[in-house]
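Here are some short exercises to work through with the sequence and the 3D view side by side. Try each task yourself, then follow the solution step by step.

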Amino acid sequence: MKRTFLGEFEEIVLLVVAASTDPAYGVNVWESIQQATGRSITLSAVHATLYRLEEKGFLTSEMGGATAERGGRRKRFFTITSYGNRALLEVQEIRQQLWQSIPQEKLQSKLSFS
Amino acid sequence: MEKDQTKPPGWKPPGRKPPEWIDKLLKTFIAPHFREDVMGDLHEVFAIETKSKGPRKARFFYLLAALSYMQPYFIKRKPSPYSSTYLFSPEMIKNYFKIALRTLVKNKAYSFINIAGLAMGMAVAMLIGLWIYDELSYDKSFKNHGRIVQVMQHQTSNGITYTQAAIPYPLGNELRSKYGSDFKHLLMSSWTSPHILAFGDIKVRKSGNYIEPAAPEMLTLKMLAGTWAGLKEPNSIMISRSVADALFGEADPMEKVIKMDNSQNVKVTGVYEDLPYNSSFRDLTFVAPWSLYEIENPSIKTMEDPWRPNNFQIFAQLNAQADVDKVSARIKDVKKKNIRTEQLKFKPDVFVNPMDKWYLYSTFKNGHRIGGRIENVWLFGMIGAFVLLLACINFMNLSTARSEKRAREVGIRKAVGSVRNQLVTQFLSESLLVVAFAFAFSLLLVLLMLPFFNEVADKKLEILWTSPVFWMLGLGFTLVTAFIAGSYPALYLSSFQPIKVLKGTYKAGRFAAIPRQALVIVQFTVSIVLIIGTTVVFRQIQFAKNRPVGYSKEGLVTVYLWTPEIHKHFEVVRQELKSNNAIIEMSESNSPATNNWASTSGIVWKDKDPSLSTDFSYNNVSYEYAETIGWKFTDGRNFSRDFASDSSGLVVNEAAVKFMDLKNPVGENLTWFGTPVKIIGVVKDMIVDSPYEPVRPLVYSLANDMGGVISLRINPRLSGSAALQKIESIFKKYDPAIPFEAHFVDQDYDRKFYDEVRIAKLTSFFSALAILISCLGLFGVASFVAEQRTKEIGVRKVLGATVLNVWGMLSRDFVILVCIAFVIAAPVSYYFLNGWLEKFQYRTEISFWIFILTGLGTLLITLLTVSFQAIKAALMNPIKSLRSE
C-alpha cells in the first residue's frame, strides 16, 4: 500500500501534536519537543514541519488566540486528522512487528568490559 | 495564553519588544500566509526568553531565529487563488483594434491629419535616409575601394595652397621605379572625356579614359565578354554594356573594329557591365589603352620640360600592407627632386587620396582636407530628423488632445473591471495602428515622390525592398514612434479615477496645455529656420546669377571639334553660314566662353617682383573672337589682320591689368616664356570660371593652330533651333564623320549653379513639407481648442461678444506661440546662414526684410489655419452649443 512517508522528525512533531492536551501551536510544540528529546531545535524547523504535515493532510489548523506579547497576532492551532492518527498507528504497528521479530538474545544488552 | 488574557488589552511589558528592524526584515521576506502566526510565535518565544535569559540574549536569539526563516520554503509566495488579468488576451486586443478603428472612422478629419502628417514626415525621412545611404555608399561598389587611391598634389602660389588631381607625365614612371613597392597597380590615365566611337554608320559620343592595362583588374570590372587583360595591345578597347548596345545592338561586339574620333581603328576586346551611378567612374563607358594615347600624342614623349605641365591623372592601388599616410609621406617630395629650380617655389607636395574619401571628403583648403559633400549629408540628415520630429510632435499633440475627450471611455472601462495595464495596452495598440497606417502610406508617398526626387537630387535611388536593414529601421521606427506618441495618453488617461470622470467633474489642469504649446513652438521654430534658410540660399544663387557676365550669353553657341575638318575649312564654313544668315559671326578658340582650360606661369612684365608666382589663364583665339563673344574694350583695340605684329600681341582683361599693376597697359612690353609680347587691348572682365569668385587674370593671343572650340553668334532674327539646323547642315557637309552637337552658352553657364540650385531645390521641397506638416498640426490643435471652448464661446456670444471678439480670442494664443518661435528662430538661422555664406567670395547679405517677410508670412499662414476653426466656432449658434449636453 502506498502511503505518505513520515520522516523521523515529522513523526515526533505529529506525536507531540497528538499528545498535547492544550491546543497545539508553534511555541508549545517546540517547547514540548525540546523537553521530550532534550535536543535543541530551531523554531523554524518546527514551523516548517508543522506546515508540511498540514500540506500532507496529517494535521489541520485554525487561527485564534491573539495575545499582547505576540503583538496582537493570532496563533495557528494544529489538530491531528484521522488520516494523521491512522498514519501514526500504522507506524506504530510496523515498528511493533519489527520489534517482535528481533530474536530475544540479541536484545539482551551485553556487558562488555573490553 | 490564559494568563495573558488577564492583562488589560494594550498592556505592553516595557522594553520587551524585539528589535523593529528584524521585524521589518521578516515582514519583507516571509510569505504573507505564514507571516501572522510565525511572527506571533517568534514574539512569544522572545518574551519567554527575555524572562529567562535577559533582554540582550533574547534579542540575539531572536535574530538567530529570524535568520533561520530565510529559506525558500518560507519566502516563496503562495500562488493567488484568483487568476490574474490576462494582459494580452486575444479577445481584448481584437476589441482594442475595433475601438481604435471606430475612433478613427468617427473622427475622419483628425485621423486624416494625424496619419497624413505622420506619413509625410516618415516619407521625407525615408527619402533622406535613402539619399544619405546612397551618398555614403558612393564608390563602395569597387571591391578594392579601400586600397584604391589617386595621386594628387598640393601646390603653393602666392601663399595659397591649391590641391589638384592633375600631375605631370613623368611622375608615373618615377613613382613606379622608385616607390614601386608600395603600389600593386599604378596607372597613368587621361581625363574622362567624350570621344566619338563609330561602327559603320552608327556614331556615338561616349566618355571614357585612356588608362594603363591593369585598370579593369584594379576596378574589378564585371566582364560580360572578354577578360581583364584586354588592353595589352595599343589598338584595343573595352566598352561598357551601354556602349555595346548603342553600337552593336544584338550583335556580338567582340573582335569588331571601332573607329575612334575618326582617326584610330581599335578592336573591341571586352565588354563590361556599366559602372554604378553612384561611383566616381560612372562616366567610364569605355577604356582605351594608355599606349594608344601615347601613339596619338607623340609630343608628350619629347616635351622640353616634361615635369612642368600637369596634364594627367594617376590612379593606383596600394599594396595590402601599405598605409595611405605613410605612402603620402614617402612620395611627398618626389616632384621637388625632379623639377627645375625655378619651379621649386610652388612647393609641390605629392600625396595619395584614398578612394573612400574622393566623394565625400575631397575639399581641400591650404593643403588640408576640410570636408566636402559630407556637409550636405549632415545638412540633409538634420533636415530629415527635424521634419520627422515635426511630424511626431503633431502626432503626439493631436493624440493627447483627442485623448482627453475619451476620459469617459476610460471611466467606463475601469468601472467594468479594466486594470490600468489593460488601458495602457489599449492606447499603445491604438497608436501602433495609426503609425502602421502612416508607415504604409509613407511607403506609397516615397514611391510617388522618388522619380521627382531622383531628378532633383541627380540620383538613381530606389526603395530597398530586399534590404533587411531597411525594414528593420522602418519597423523599429514605427514601434518607437507608436510608443512615444502613445505613451502620454496611455499613462495619463489610465490614471483617471472612474468616479470623477463618470460624474463629469474631470477637468484638465491649468497646465495641461503647456507641453502642447511648447511642441507648437518647436515646430514653428524649425519651420521658420527652414524658410529663412531656403530664402537665403535662393537669394545667394540669384545674386551670383545676376552678376554681370561681361558678354551676352544669349544666342551664343559652342561646338567642340573632334577632327581638323572644320578648322581646315574655317573660312569657307564661316562665309557660308554668314551668307545664309544663320549667324552673325563665328570664331575659333582654345577654351569655351564658360570655362578655361589653359593657364600659364610664364608671363613676366617690367616691374614684376621675381618672388611673385603668376598664374594667368590664357586662350588662343581667332580674329573673329572679339565680335563673336562681344568684347567690350576699355582701352586699345582688337587683333587685326592689318598688323602683322599682332601675332605677338595680347588682349588682356581688367583683372590682369590690376594684377600686373600697369598704369598704361596698352603698348606695354611683356615676355611669355622669354618671347616678347605686347599688350594691344584691354577688355572688360568676363566671368569664365566660378561666378562666386573674383575674375582671374586672363590673356588672349592669336591662335596659330587648331583651337578645338568653335563659338557662333546666332543671328538674333532667327530662332535658336532654325539657326542650329542651318549650322548643322553646313558642318555636316565639311565634317561628315562627326555627329553634330551644339551647346548654348547660357545653358552651360547655368550649369555652374547646378550644385547650389540642387541644394536649394531640395531644401525648399523639405521646408514646404515642414511648414505643411506644422500647419496640419496647428489646424488640428486649433480645432481641438475651439471644440473644448464651445460652451465658453456660447456664453460669450449670449453676453454680447461679436464674431471678431471670438476670433481674436481664439487666434491670439497661437499668434503668441508663433511669435515666440520666430524670436528663437531668427538668431539661430542668422548664425547658420552667415557661416554658409562665408564660403562664397561674392555673397548676398542676409537682409532685414527676409526676417520680417518670413515672420509676417508665417503669421499669415498661422492666422489662416487657425481662423478657419476660429470663425467656424465664432459663427456657431450659441443656442446649439449651450444646449448640447
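## Exercise 1: One residue and its partners

Leaving aside neighbours within four places in sequence, Ala438(B) is in contact with Ile115(B), Leu118(B), Ala119(B) and Met122(B). Please bear in mind that this is a predicted model.

**Task.** Where is Ala438(B) placed, and is Ala438(B) buried or exposed?

**Solution.**
- Step 1: Find Ala438(B) in helix 16 of chain B.
- Step 2: Look at the C-beta atoms around the residue; Ala438(B) has 26 such neighbours inside 10 Å.
- Step 3: The cut-off for a buried residue is 20 or more, so Ala438(B) counts as buried.
- Step 4: For contrast, pick out Gln321(B), 117 residues away along the chain; its C-alpha atom is separated from that of Ala438(B) by 50 Å.

## Exercise 2: Two helices that cross

**Task.** At roughly what angle do the axes of helix 7 and helix 16 of chain B cross, and which residues make the contact?

**Solution.**
- Step 1: Locate helix 7 at residues 108-136 and helix 16 at residues 420-457 of chain B.
- Step 2: Two packed helices are described by the angle and the distance between their axes.
- Step 3: Here the axes come within 7 Å and cross at roughly 45°.
- Step 4: Helix 7 and helix 16 of chain B are therefore oblique to each other, and their crossing is right-handed.
- Step 5: Helix 7 of chain B contributes residues including Ile115(B), Leu118(B), Ala119(B), Met122(B) and Trp131(B), while helix 16 of chain B contributes, among others, Val434(B), Ala438(B), Phe441(B), Leu445(B) and Phe453(B).
- Step 6: Sort the residues of this contact by class, and you get 20 nonpolar, 2 polar and no charged.

## Exercise 3: Two aspartates with positive phi

**Task.** Which is buried and which is exposed: Asp139(B) or Asp458(B)?

**Solution.**
- Step 1: Most residues other than glycine have a negative phi.
- Step 2: Asp139(B) has a positive phi, near 70°, and Asp458(B) has a positive phi as well, near 55°.
- Step 3: Place them in the chain. Asp139(B) lies in the loop between helix 7 and strand 1 (148-157) of chain B, and Asp458(B) lies in the loop between helix 16 and helix 17 (468-493) of chain B.
- Step 4: Count the neighbours. Asp139(B) has 20 C-beta neighbours inside 10 Å and so counts as buried, whereas Asp458(B), with 10 other C-beta atoms within 10 Å, is exposed.

## Exercise 4: Where chain B touches chain A

**Task.** Which helix supplies the largest share of the side of chain B that touches chain A?

**Solution.**
- Step 1: Begin with both sides: 20 residues of chain B are in contact with 19 residues of chain A.
- Step 2: Helix 3 (32-53) and helix 4 (55-68) of chain B each supply at least two residues of the chain B side.
- Step 3: The largest share, 11 residues, comes from helix 3 of chain B.
- Step 4: By class, the chain B side has 10 nonpolar, 3 polar and 7 charged residues.

## Exercise 5: The whole chain

**Task.** How many helices and strands are there in chain B, and what is the radius of gyration of chain B?

**Solution.**
- Step 1: Chain B has 30 helices and 26 strands.
- Step 2: The radius of gyration of chain B is 40 Å, but a compact globule of 885 residues would have one near 29 Å.
- Step 3: Along the principal axes, the C-alpha atoms of chain B fill a box of roughly 140 × 80 × 65 Å.
- Step 4: Of the 885 residues of chain B, 37% count as buried.

Conventions:
Residues are numbered from 1 along each chain as its sequence is written. Chains are lettered from A and ligands numbered from 1 in the order in which they are written. This is a predicted model: local features need pLDDT of at least 70, side-chain atom pairs count only at pLDDT 80 or more; totals for chains, interfaces and linings use all residues. Helices (H or I, at least four residues) and strands (E, at least two) are DSSP runs, numbered from the N terminus. The radius of gyration is taken over C-alpha atoms; the globule rule is 2.2 Å times the number of residues to the power 0.38. A residue is buried if 20 or more other C-beta atoms lie within 10 Å of its own, exposed if 12 or fewer, and partly exposed in between; C-beta atoms are placed from the backbone. Axes are lines fitted to C-alpha atoms, for helices over the stretch in contact, and angles run from 0 to 180 degrees between N-to-C directions. Angles under 35 degrees count as roughly parallel, over 145 as roughly antiparallel, 65 to 115 as roughly perpendicular and the rest as oblique. A crossing is left-handed if the near helix is turned anticlockwise from the far one by less than a right angle, and right-handed if clockwise. Two residues are in contact if their C-beta atoms, placed from the backbone, lie within 7 Å. Ala, Val, Leu, Ile, Met, Phe, Trp, Tyr, Cys and Pro count as nonpolar, Asp, Glu, Lys and Arg as charged, and the others, Gly among them, as polar.
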